[in-house]
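The exercises below are meant for a reader meeting this structure for the opening time. Please look through the sequence and the model, then work each task before reading its solution.

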Amino acid sequence: MLRLEGALRSYAWGSRTAIAALCGRTVPSAHPEAELWLGAHPADPARVVSTNGDGPGEDTSLLDVLEADPGGHLGPATLSRFGPRLPFLLKLLAAEEPLSLQAHPSAEQAAEGFAREEAAGLPLESPVRNYRDASHKPELVVALTRFEALAGFRDPHRTVELLAALEVPELDPYVGLLAGQPDSDGLRALFTIWITLPQSVLSALLPRVLDGCVTYLATHNGNGTAPFAEEVRTVLQLAEFYPGDAGVLAAVLLNRITLEPGQGLFLAAGNLHAYLHGMAVEIMANSDNVLRGGLTPKHVDVPELLRVLDFRPVDVPILEPEPAGPGEVRYRTPAPEFALSRIDLAPGSGAAPDDVALPPCGPQILLCTSGSAGVECAGRTLQLAAGQAVWLSASDPAVTVRAAGEPAQLFRARLADVDARID
């Protein structure tokens with residue numbers, strides 16, 4: 001059992017308050033704090049923190065620890081299935097502004113793309129590199145606050161209704177295209193046209209669409225029953241952050257989703273999505289493969305994005321946690337690389353237990369997101385405050401998580417059990 005210090009990532013879309021406040025630091029922070037990485041990804045592994053001289057030292061990363069003893073830390077089952085690497089990456093994510101419009105490749109697409117870019121001699125650190133590893137990147141996000149997102153292509157019939165409701169004559173040809181082919185092929189055709197519009201055409205069309213959005217909201221006068229109010233507001237917000245970006249048009253085609261705290265969203269390969277606002281715990285396969293489609297100053301490779309996108313319209317389900325044991329609930333996904341559960345402790349309340357026993361089950365990371373708790377293992381106890389985490393190796397015995405006199409919440413990241421996955 002080792003205490004972990006996450007790697008803090010600063011991106012322009014991050015928050016100056018959310019992660020700092022959760023971790024009990026001064027707010028606002030000096031820079032936007034977007035993500036706290038807790039894992040062994042080579043780009044930014046978590047650090048192992050010594051307590052009273054136990055542990056390998058302050059300057060040691062979890063990646064170094066695993067490389068020194070992969071069998072002891074990962075266990076034979078993980079080594080056999082995934083090789084000598086931690087298959088998952090756990091994060092805290094705080095979005096003050098929208099993230100890029102993006103999708104992740106399938107395992108086959110990632111392996112082929114990585115091999116292609118390696119053969120071409122493209123450096124891993126190149127800003128135009130699409131594939132930085134050979135892995136797919138399924139991911140699960142669980143809201144800590146109200147969390148807004150775009151994900152998956154909406155039913156084309158509903159999108160036709162939305163576009164028609166804007167009453168923008170310049171949109172008529174595009175409405176006709178999708179109305180005449182309201183399926184994945186129609187969505188592919190319309191998305192491809194919009195994402196590749198010449199800037200001169202886009203610069204003429206986009207202001208008309210935004211005018212239509214403003215008129216739509218004014219006509220309904222803030223009426224909460226307006227069928228597309230949230231979608232229209234989102235288009236206007238995206239245009240403020242990314243003026244003249246083709247991704248603003250593309251976002252019109254996606255489902256608008258709101259997660260309340262405790263709800264989750266799973267994103268499989270090919271799902272076009274963008275996180276808009278809020279704070280969440282995120283877990284994913286240990287990969288950094290991202291294909292971007294707009295709403296970003298970073299590299300956008302439209303042909304490669306079109307190659308990996310899944311244009312099938314979907315009604316993206318919101319994941320509700322299900323019981324996994326006393327004080328613990330889990331979020332089911334089909335991903336073999338990870339499983340995520342939440343532990344709620346409320347000493348003396350009767351609503352939740354004072355402590356929860358966790359049997360050994362391979363490599364694990366425990367992250368405290370509120371309150372404080374003690375993690376007891378083999379006669380040792382580590383106290384975790386909000387924002388702190390602990391690494392449990394495959395060699396560690398059973399663990400007990402105990403509330404430190406106040407309600408506490410922890411997230412538990414580990415490998416998926418075969419019988420806990422959705423096929």
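The confidence score pLDDT is the predictor's confidence in each residue, from 0 to 100. This is a predicted model, in which local features need pLDDT of at least 70 and side-chain atom pairs count only at pLDDT 80 or more, while totals for chains, interfaces and linings use all residues. Residues are numbered from 1 along each chain as its sequence is written, and side-chain values use heavy atoms, with hydrogens and water left out.

**Exercise 1. Find where pLDDT stays under 50, and set this beside the mean of the chain.**

Begin with the chain, whose mean pLDDT is 93, with 95% of its residues at 70 or more. Then turn to residues 418-423, where pLDDT stays under 50 and for which the model has 14 contacts (heavy atoms within 4.5 Å) beyond four places in sequence.

**Exercise 2. Work out how the chain is divided into domains, and how far apart the centres of domain 1 and domain 2 lie.**

The domain bounds, which come from an automatic or database domain assignment, give domain 1 (2-74 + 83-150 + 259-305), domain 2 (154-253) and domain 3 (322-414). Next, the C-alpha centres of domain 1 and domain 2 are 30 Å apart, and 12 residues of domain 1 are in contact with 12 residues of domain 2.

**Exercise 3. Describe the largest pocket by its volume and its lining.**

A pocket is sought on a 1 Å grid over the protein atoms alone, as an open set of points where a 1.4 Å probe fits, with protein on both sides within 12 Å along at least five of seven lines; lining residues have an atom within 4 Å of a point. The volume, meaning the space filled by probe spheres set on the points, which are joined across faces, edges and corners, is about 660 Å³ for the largest pocket. Its lining has 32 residues, of which Y11, W13, S100, R292 and K298 lie nearest the centre. Two or more residues each come from β3 (35-38), β5 (88-95) and β11 (273-285), these strands being DSSP runs (E, at least two residues) numbered from the N terminus. Strand β11 gives the most to this lining, with four residues.

**Exercise 4. Locate the residues that the UniProt annotations "active site" and "binding site" cover.**

Start with the unreviewed UniProt entry, whose "active site" annotation covers R292; such annotations use the numbering given here, have shortened feature names, and may be inferred rather than shown by experiment. R292 belongs to strand β12 (residues 291-294), and its contacts, leaving aside neighbours within four places in sequence, include S100, Q102, K298 and D301. The "binding site" annotation of the unreviewed entry covers Q102, H104, E139 and H273. These residues span 172 residues in sequence, yet no two of their C-alpha atoms are more than 12.5 Å apart, so they gather at one spot. Finally, Q102, H104, E139 and H273 are part of the lining of the largest pocket.
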